[in-house]
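Subject: Structure for you to look at

Hello,

Here is the structure I said I would pass on. Please open it first, then read my notes underneath.

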Amino acid sequence: MKGLAQSDRPELLDAGAGSLAEVRRSLTDLARINTFLGGNAPVLDATWRLLQERGLHEATLLDVGCGGGDIALRLVKKARRRGISLPVVGLDI
């Protein structure tokens, strides 16, 4: 099985393609895809495990390439339920 070809072209969302409404719909779709296909799970699990292993009750999360911020929001909600302060800085084009 051959690997997928890589491209050095920017993603359409990063290139400014589409209206604001289309971008919002795309980010909503990406969040839904990440949830249903399990794309969130490795990031959520690894981040949560790191917080627990270090016994942290507060930390700052830097999410680079955050898209709509869906993964960071899920982490913040989980942290809040467990009494952990987790402010987030999200960066994306």
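How far apart are the mean positions of the positive and negative charges of the protein chain? They lie 7 Å apart, for 13 positive and 11 negative charges. Keep in mind that this is a predicted model.

Next, the fold. The protein chain has 3 helices and 2 strands, and their order along the sequence is α-α-β-α-β.

On overall size, the C-alpha trace spans about 40 × 40 × 25 Å along its principal axes. The radius of gyration of the protein chain is 16 Å, whereas a compact globule of 93 residues would have one near 12 Å. About 7400 Å² of surface is accessible, and carbon and sulfur atoms make up 56% of that. As for the inside, 20% of the 93 residues count as buried.

Now the contacts. Taking those with a separation of 6 or more, 74% are between residues 24 or more positions apart.

Finally, the core. The largest nonpolar core consists of 11 residues: Leu44, Trp48, Leu51, Ala59, Leu61, Ile71, Ala72, Leu75, Ala79, Ile84 and Leu86. Two elements, helix 2 (40-53) and helix 3 (70-81), each give two or more residues to this core. Helix 3 gives the most, with 4 residues. One residue to click on is Ala79: leaving aside residues up to four places away in sequence, Ala79 touches Trp48, Ile84 and Leu86. Those three are also members of the core.

Regards

Note on methods:
Residues numbered from 1 in each chain as written. Predicted model: local features only at pLDDT ≥ 70, side-chain atom pairs only at ≥ 80, totals over all residues. Heavy atoms only, no water. Rg over C-alpha atoms; globule rule 2.2 N^0.38 Å. Buried < 20%, exposed > 50% of the residue type's maximum accessible area, 1.4 Å probe, protein only. Contact = heavy atoms within 4.5 Å. Areas by Shrake-Rupley, 256 points an atom, 1.4 Å probe, with all protein chains shown as cover. Lys, Arg positive; Asp, Glu negative; His and termini not counted. Charge placed at Lys NZ, Arg CZ, Asp CG, Glu CD. Core = buried A, V, L, I, M, F, W, Y, C linked by side-chain atoms within 4.5 Å.
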